[in-house]
Amino acid sequence: MQAKQLHGDSLRPPIRTRFLALGLFGFLLTAQPCLLGAQEKVEPTESVDAVPTESENDSRVAYLVQVPLPINSANATSVRQTLERLVEKAPTVIKPEDRPVIVLEFDTANGKTGRGSKLESCLELARYLIGPDMSRVRTIAYVPAARTYSDENLAIKKKPTSQLNGHAVMVAIAANDIAMHQDAAIGLAGADEKNRDQIVLDMYRNIAGVRLTLPMPLVMSMVDPRQRLYRVSTNSGVVYVDAKELDKLELAGDVIESNTISASDSMALFNSKQLHDYRLIRHRVNSRNDLARALQVAPSSLEGDPKLGQDWDAVQFEFPDYIDRRTVEWVVRALNGRSSNLIVFRMNSSGGDPDACLRLASQIAEYDSNKVRTVAFVTGVARGPAAMVALSCDHLIMSPAAEIGGMPDPPVDPEWITDTQDNVTDLARTKGRDWSIFRAVVDPEFKVTRYRERNSGQVRLLSSDEHESLEDPDSWVPLGPLGVGEGIDANTAEQLFLARAISKDMESLQTFYQLETQPKTLTPTVTDRWLEKIAHFLASPMVAPWLLFGAVFFLSTEMSAPGIGVPGFIGTICLIAFFWSQHLDGNAHWLEIILFLVGVVFIAMELFILPGFGIFGVGGLLMVIVSIVLASQTFIIPRTSEELNRLPISLSMVLAGAMGFFVAIAILRKVLPNTPYLRRMMLEPPTSHDESGLAGDGDPSAVVDWSYLQGRNGQAITRLVPSGKARIDGKVYDVISDGRMIEKGQSIEVVQAIGNRIVVKPAES
């Protein structure tokens, strides 16, 4: 492959004045060689798909620098100043391979892609990366995965693909190497350019030609939609070329095989698997810890810094012996909205509710480690689900006599372990740990073996299934089983790098994190404890059904006899008490409440706006039933025997509501007519064939006929919204307005009277 020089006079004069300064930057770089067809890298590649363990022999210095997206002038200046400080304090080494490593982590984890990055700012930062000052260090551009979020029912969503797009790609190709998460992609560098500009193309061509992190034709295919990219096997190796260079190779008879990688009319986007398979990137990883192992540096050196040069804002919470749902609910509520950057969970817990602990562990894993550092300080034991919570924290600190793992009390249901295996696996991968150890702490019978990598000497804790799933399982040598079922003591946990450190007390932990004062303790107040007791009482299976019974009974009474107000008020209070207690008890969330409210609205539309029993009525009724069932349990579909036992209690809530409705109807028909004060709200059946409209007593053919009321005037004795009662000719009738709201006491006029349906409108003055 021929290489040629691009000289300054080959650049066309800038067309737009906004690129005058940028053209000057491009001119300064044109003295560097550029390859139109770049040969494929042949350095040894490493595919990393699991968790590293920290080794104290990792002596290479490494730093992590966050690159905010999109890149603007302020961000670029901040990143450059950070790089200048790191380069200034970087130790001098003799061998280039021993240079300190600086990992530039692009902020794609929060759903950002880099689109909208300013070209001038990206060019300035890229030029600094390829400049002489950065020759003392080795830079790695790292594209992490998008962050995983879990819903309230423990169904952890799949990680979306993270992408690095826009002119932020220019900064990435200016680094010495590129590392990518397995779910990441890079490309579409020219997405923010509406028109093709030769100056922009020359900038990318110059940066790519200086660094050669990626082949230049591949880089240009990410910028210019006209650029075709081919992967060509030649007599001298594999090269990546554009259409013109391919024609030259074919004329020379040097093409063995060619494949189209990117077609024209669209900018290229490459995922990490493609680039790794093509041997264009060395490191395709699952987490920062994987990247640390690949770079042979300590994982702690690639941790984010939540302090950002400031003091710790630390809080702590102490778990009880058994972590139940209410404890988890309180912890979640207490932590939501707090700006603390260090959270310490002190635990001496022999077990916990599996669903609640999995939910808490998932929420802890969702914290951005660049903003919040979570620490589990095990002072005694952490078994079963409690151990799962401890492992989900960024750091695990143990007292000298502490243990993690072992038989929980009570044992975890085997069905739960099987049904939630995928969730636990995703949780472990989110934290950059092997999933086998997460499974082993909740299932003491699960076998875990220590493995050592032949070349690096790294040690990992793997089950046979996880070992076989590795990309190169033969390179990992088994060292022997690990007795997680008997519990792992502090010394062993530290040797296996499960524990970050051993601390004898809280004062030692404060020293470890350089805390000036003890973290603020989060504890429930007296009001919180009383509210928790009240909610627990109201949410109990003995009380909750009666709340629903009362809610439906009193609301049905109010709807059958509008205008009283007291039954409606009591029914509403019962309904609020039901959902409030279930929410504090960890069952009901916004989904259930919204389902219930929308269902009620649909039923009201069916009754008052769209009479009949159609889709709104059926759909609304089903939504109300589903909301009540979901509000009474923590799961959607029962998967374990415990959840199956809970399901009848949830269904009893629906039965209680139905009973309240039918009892209300029965009482209204039988009791109210004989009640001195309430019977005035009900219409007495007529007994003679007069203007009452009824044929008379004993007449089997008696029918209602209010047609004679057509055109008569009266007065509303209740508010018509739209149904209610009105007095016409001294008698009270059930009426319905013509769609307009009529206030109590307003004059009305009968506009339609068919059968027992009387439609009225506001009377004209």
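Where is the place of histidine 167? In this predicted model, histidine 167 sits in the loop that links strand 6 (162-164) to helix 4 (168-173). Asparagine 165 is found in that loop, between strand 6 and helix 4.

Some overall values set the scene. The protein has 24 helices and 31 strands. It has 765 residues, and 50% of them count as buried. Contacts between residues at least 6 apart in sequence were also examined. Of these, 69% join residues at least 24 apart.

The loop after strand 6 was examined at two residues. Histidine 167 has a relative accessible area of 1%. The cut-off for buried is under 20%, so histidine 167 counts as buried. Its side chain makes a polar contact with the side chain of tyrosine 204, at 2.7 Å. Residues up to four places away in sequence aside, histidine 167 touches Gly114, Ser117, Leu119 and Cys122. It also touches Ala189, Asp192, Glu193, Val200 and Tyr204. Tyr204 thus appears both in this list of contacts and as the partner in the polar contact.

Asparagine 165 is buried as well, at 1% relative accessibility. The side chain of asparagine 165 reaches the backbone oxygen of glycine 187 at 3.0 Å. Again leaving out residues up to four places away in sequence, asparagine 165 touches Thr113, Gly114 and Arg115. Gly187, Leu188 and Leu269 are also touched by asparagine 165. Gly114 is listed for asparagine 165 and for histidine 167. Asparagine 165 and glycine 190 are 25 residues apart in sequence. In space, their C-alpha atoms are 8.0 Å apart.

Strand 6 itself belongs to an open sheet of 3 strands. The order is 6-8-12, and the pairing is mixed. Strand 6 and strand 12 (269-271) stand at the edges. Each has a single partner strand, so one side of each is left without a neighbour in the sheet. From one strand to the next, the twist averages 25 degrees. Strand 8 (residues 184-187) and strand 12 run antiparallel and are joined by 3 bridges. Glycine 187 stands opposite leucine 269 of strand 12. Both residues of this pair, Gly187 and Leu269, are touched by asparagine 165.

A further open sheet is also formed by 3 strands, in the order 22-21-23. Here the pairing is antiparallel. Strand 22 (459-462) and strand 23 (476-482) are the edge strands, and each pairs on one side only. Direction ignored, neighbouring strands of this sheet are turned by 30 degrees against each other on average. Strand 21 (residues 448-453) pairs with strand 22 over 4 bridges, in the antiparallel sense. Threonine 449 has leucine 462 of strand 22 as its bridge partner.

Helix packing was examined next. Two packed helices are described by the angle between their axes and the distance between the axes. Helix 14 (residues 421-430) takes part in two such pairs, with helix 15 and with helix 11.

The axes of helix 14 and helix 15 (residues 435-442) come within 8 Å and cross at roughly 130 degrees. That angle makes helix 14 oblique to helix 15. The crossing is right-handed. On the side of helix 14, the contact is made by Gln421, Val424, Thr425, Leu427, Ala428 and Arg429. Helix 15 contributes Trp435, Phe438 and Arg439.

Helix 11 (residues 354-366) and helix 14 pack at an angle of about 25 degrees. Their axes are 10 Å apart. Angles under 35 degrees count as roughly parallel, and helix 11 and helix 14 are therefore roughly parallel to each other. Helix 11 passes helix 14 in a left-handed crossing. Leu358, Ala361, Ser362 and Ala365 are the helix 11 residues in this contact. They meet Asn423, Val424, Leu427 and Thr430 in helix 14. Val424 and Leu427 of helix 14 thus take part in the contact with helix 11 and in the one with helix 15.

Helix 6 (residues 216-223) was considered for burial. It is mostly covered, with 8 of its 8 residues buried. The buried residues are Met216, Pro217, Leu218, Val219, Met220, Ser221, Met222 and Val223.

Notes. Residues are numbered from 1 along each chain as its sequence is written. This is a predicted model: local features need pLDDT of at least 70, side-chain atom pairs count only at pLDDT 80 or more; totals for chains, interfaces and linings use all residues. Side-chain values use heavy atoms; hydrogens and water are left out. Buried means under 20% relative accessible area, exposed over 50%, partly exposed in between (1.4 Å probe, protein chains only). A polar contact is a pair of N or O atoms within 3.5 Å; within protein, one must be able to donate a hydrogen and the other to accept it, and residues adjacent in sequence count only if both atoms are side-chain atoms. Contact means heavy atoms within 4.5 Å. Two strands pair if DSSP finds at least two bridges between them. Axes are lines fitted to C-alpha atoms, for helices over the stretch in contact, and angles run from 0 to 180 degrees between N-to-C directions. Angles under 35 degrees count as roughly parallel, over 145 as roughly antiparallel, 65 to 115 as roughly perpendicular and the rest as oblique. A crossing is left-handed if the near helix is turned anticlockwise from the far one by less than a right angle, and right-handed if clockwise.
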